[in-house]
Amino acid sequence: MATNEQALDQVPPLEKELDEASIMSSLARLQEVHISLRNLRETIPKVMDSVLVDPLSPDQLHSNFSQAANGAAQAIKHFTQLMEDSGTKEVMERAKESRTENGEGITGWKVIEHEDWLDVKQEDGNDDVDKEEEGTAEAGDALGLKDVNEALDKFRSAHVGLEASLIEDSRMVTLHLPLPAQINFQIQLNTTPEGPNNYSVDSKDKSKLHRAILEAIRTRPRPNDLNDLLEMLASYLDIKSRPCVKCSRLLDRNAQFPIIRSRKRTKQPDGRFASQWLALHAACN
Ligand SMILES: [Zn+2]
């Protein structure tokens with residue numbers, strides 16, 4: 001019985017103070033759930049497409065189908081994990097209680113009626129917070145090879161499965177994003193250790209998609225920050241499956257993937273910052 005009494009003594013979620021940071025992080029969570037759910041709508045068409053496209057060989061057909069089926073399984077798994085996550089349950093529970101307390105006038109929500117729904121988040125996602133979080137690590141300071149290796153170690157431990165390595169002689173970092181993205185990036189470091197950092201990125205593959213991605217990278221807002229660049233490049237891993245945050249579609253009218261990556265940082269209730277790379281179509285940016 002002691003357990004029940006304890007449970008009753010707990011403050012109901014609604015009575016917890018809802019400060020702006022926790023509201024923003026709840027909105028960010030709901031946005032992620034929304035995008036993940038929208039993504040599921042394309043699951044069956046994508047699997048169908050994989051067998052309808054004229055394959056070069058039976059092996060190719062098998063590979064296309066396996067890839068699409070794996071992608072579908074991952075999308076379902078991602079959505080399930082999100083829904084079962086305690087953070088999501090807490091947000092849903094809070095919304096449910098709020099509706100029970102004061103449900104008058106609450107109607108269904110349609111993204112097409114709130115085209116600016118993302119803007120609320122973007123206002124909070126400016127770069128003013130960077131210095132608070134990054135402290136003395138001034139982006140743009142000249143990096144020695146040791147610093148680059150340290151940055152790569154940190155990157156690899158945060159992104160298991162991505163191959164990133166430094167070719168010291170040519171002062172080049174190579175980054176391989178596996179399937180489904182299958183992109184190889186080459187990052188040219190500054191030519192002299194004393195020179196200013198101005199990382200240029202190339203890719204041997206020159207498909208239309210790769211060229212569009214390279215152009216989006218070239219015009220990134222923080223060209224002198226290696227950590228930021230590595231994180232941005234890694235965010236292209238789901239280029240073929242993550243819909244645009246603005247229109248919630250994977251392909252735009254010109255059948256282009258959302259090639260723009262926009263960094264969004266939100267302050268968490270515990271005071272730390274969480275980074276997220278939003279995917280956008282060039283036309284929706
Ligand atoms: Zn879009």
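**Exercise 1.** Which residues in helix 2 meet which residues in helix 5?

*Solution.* Start with the ground rules: this is a predicted model, where local features need pLDDT of at least 70, side-chain atom pairs count only at pLDDT 80 or more, and totals for chains, interfaces and linings use all residues. Residues are numbered from 1 along each chain as its sequence is written.

Step 1: find the helices, which are DSSP runs (H or I, at least four residues; strands are E, at least two) numbered from the N terminus. Helix 2 spans residues 20–40 and helix 5 residues 86–101.

Step 2: look for contacts (C-beta atoms, placed from the backbone, within 7 Å). From helix 2, Ser-26, Arg-29, Leu-30 and Val-33 meet Gly-87, Thr-88 and Val-91 of helix 5.

**Exercise 2.** How do the axes of helix 2 and helix 5 cross?

*Solution.* Step 1: axes are lines fitted to C-alpha atoms, for helices over the stretch in contact, with angles from 0 to 180 degrees between N-to-C directions. These two come within 10 Å and cross at roughly 105°.

Step 2: helix 2 is therefore roughly perpendicular to helix 5, a label for angles of 65 to 115 degrees (under 35 is roughly parallel, over 145 roughly antiparallel, the rest oblique).

**Exercise 3.** What pLDDT does the protein average?

*Solution.* Step 1: pLDDT is the predictor's confidence in each residue, from 0 to 100. The average is 79, and 80% of the residues score at least 70.

Step 2: check the weak stretches. Residues 1–15 fall below 50, with 10 contacts beyond near neighbours in sequence. Residues 120–139 are also below 50, with 18 such contacts.

Step 3: where pLDDT is low, don't read the predicted coordinates in detail.

Key:
Two residues are in contact if their C-beta atoms, placed from the backbone, lie within 7 Å.
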